[in-house]
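Trainee: Could we walk through this structure together, one feature at a time? I would like to hear the reasoning behind each answer.

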Amino acid sequence: MIVEEYGSPPELVGRGAVFVRHRMKSPQVAETAYVAPNAVLCGDVTVGPHSRVLFGAVLTAEGGPVTIGANCVVMENAVIRGAPRHPVYLGDHVLVGPHAHLTGCVIEGDTRVATGAVVFNGARLGIGAEVEFHGVVGVNTVVPAGMAVPMGWFAGGDPAELVPPGDWARIQAVLGPLDYPGTVFGVGQTERTQPDIARRYARSLALHHSDHILTPAQHPRLQPG
């Protein structure tokens, strides 16, 4: 049964959830939103009106902000990560399924990203586009409005080409020009060994040493406007 009435907002949004101040930024959540007790919001994260962040979900701004619009649902154990040069923006009415992973992407709105799907840095999903169960949207890919990425398929390019999961040679051919290492890890052509990538990534994450976990009384509320 779908409940149309939202009811009165709680006195304190996100009580029991982990709100982390990171890079001098704290999460902000609308009073009418819900954040589950074991969800994590880290850094420059904004959750809009009537949106829901469910159990075990992680929203983290790793050098790029994460903005969640109105009436969105981020389901259990989903991970949404903002990245340098690639903020995350979810428009209104977006459903992110359990165990989905979204990094540095733009979801324009009215969209479902299903269970286990992955959307990478620089990707954009137009209004009404969908990613089905375990679908993958590659870096710097544009999924046009209304397009659906089928279950388990790969989408790559601008506009997206849809490739079935068994066609690994074609996936590699489409993915190559999109520059996955440079886009995701910021490495140049001479720094593409796994040790180079790991060291660079570890350095960027070292800023978490200065994080501060906020008490419930310190949870900022998103100002209406």
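**Pocket, rings and loops**

Mentor: Gladly, and let us start with the pocket. The lining of the largest pocket divides into 11 nonpolar, seven polar and six charged residues. Please keep in mind that this is a predicted model.

Trainee: What is the volume of the largest pocket?

Mentor: The lining comprises 24 residues, and the closest to the pocket centre include Ala83 and Asn121. For the largest pocket, the computed volume is about 520 Å³.

Trainee: Which element gives the most to the lining of the largest pocket?

Mentor: Four elements each supply at least two residues of this lining: β13 (101-103), β16, α2 and α3 (194-205). With five residues, the one that gives the most is α3.

Trainee: How many aromatic pairs are there?

Mentor: Ring centres have to lie within 6.5 Å to pair. By this rule the count of aromatic pairs is two.

Trainee: Phe120 and Tyr180 form one aromatic pair; what is its geometry?

Mentor: The ring centres of Phe120 and Tyr180 are 5.5 Å apart, and their planes meet at 85°. Planes over 60 degrees apart have a class of their own. The pair of Phe120 and Tyr180 is therefore edge-to-face.

Trainee: How many residues apart in sequence are the parts that this pair ties together?

Mentor: Phe120 lies in the loop between β16 (118-119) and β17 (124-125), whereas Tyr180 belongs to helix α2 (residues 180-185). The pair therefore ties together parts whose separation in sequence is 60 residues.

Trainee: Is Tyr180 buried or exposed, or does it fall in between?

Mentor: The relative accessible area of Tyr180 is 28%. Buried means under 20% and exposed means over 50%. Tyr180 therefore counts as partly exposed.

Trainee: Tyr180 has a second aromatic partner; which residue is it?

Mentor: This second pair is also edge-to-face, with 6.1 Å centre to centre and 75° between the planes. The partner has a relative accessible area of 22% and is partly exposed. The residue that pairs with Tyr180 here is Phe185.

Trainee: Which residues form the one aromatic cluster?

Mentor: Tyr180 pairs with Phe120, and Tyr180 pairs with Phe185. The cluster is made up of Phe120, Tyr180 and Phe185.

Trainee: Arg112 lies over the face of a ring; which residue carries that ring?

Mentor: Arg112 is 5.9 Å from the ring centre, and the cut-off for a charge over a ring is 6 Å. The ring belongs to Phe133.

Trainee: Let us turn to His22. Is His22 buried or exposed?

Mentor: His22 lies in the loop between β1 (18-21) and β2 (28-29). Its relative accessible area is 2%, and the limit for that class is under 20%. His22 is therefore buried.

Trainee: Which residue has a side chain joined to that of His22 by a polar contact of 2.6 Å?

Mentor: The side chain of His22 also makes a polar contact with the side chain of Arg23, at 3.4 Å. The 2.6 Å contact joins the side chain of His22 to that of Asp211.

Trainee: What is phi of Arg23?

Mentor: Arg23 is found in the loop between β1 and β2, and it is partly exposed, with a relative accessible area of 40%. Although Arg23 is not a glycine, its phi is positive, at about 55°.

Trainee: Which residue other than glycine has a positive phi near 65°?

Mentor: The residue sits in the loop between β12 (94-96) and β13. With a relative accessible area of 47%, it is partly exposed. The residue is His99.

Trainee: Is the peptide bond from Asp158 to Pro159 cis or trans?

Mentor: Pro159 lies in the loop between β22 (154-156) and β23 (161-163). Omega of the bond from Asp158 to Pro159 is near 0°, and the bond is cis.

Trainee: Finally, what is the volume of the largest cavity?

Mentor: A search of the whole structure finds one cavity of 30 Å³ or more. Val13, Phe19, Val29, His219, Pro220 and Arg221 line the largest cavity, and by class they are four nonpolar, one polar and one charged. The volume of the largest cavity is about 30 Å³.

Definitions and conventions:
Residues are numbered from 1 along each chain as its sequence is written. This is a predicted model: local features need pLDDT of at least 70, side-chain atom pairs count only at pLDDT 80 or more; totals for chains, interfaces and linings use all residues. Side-chain values use heavy atoms; hydrogens and water are left out. Rings of Phe, Tyr and Trp (its six-membered ring) pair if their centres lie within 6.5 Å; planes under 30 degrees apart count as stacked, over 60 as edge-to-face and the rest as tilted. Buried means under 20% relative accessible area, exposed over 50%, partly exposed in between (1.4 Å probe, protein chains only). A charge sits over a ring if NZ of Lys or CZ of Arg is within 6 Å of the ring centre and within 35 degrees of the ring normal. On a 1 Å grid over the protein atoms alone, a cavity is a set of points where a 1.4 Å probe fits but cannot get out, and a pocket is an open set with protein on both sides within 12 Å along at least five of seven lines; lining residues have an atom within 4 Å of a point. Grid points are joined across faces, edges and corners, and a volume is the space filled by probe spheres set on the points. Ala, Val, Leu, Ile, Met, Phe, Trp, Tyr, Cys and Pro count as nonpolar, Asp, Glu, Lys and Arg as charged, and the others, Gly among them, as polar. A polar contact is a pair of N or O atoms within 3.5 Å; within protein, one must be able to donate a hydrogen and the other to accept it, and residues adjacent in sequence count only if both atoms are side-chain atoms.
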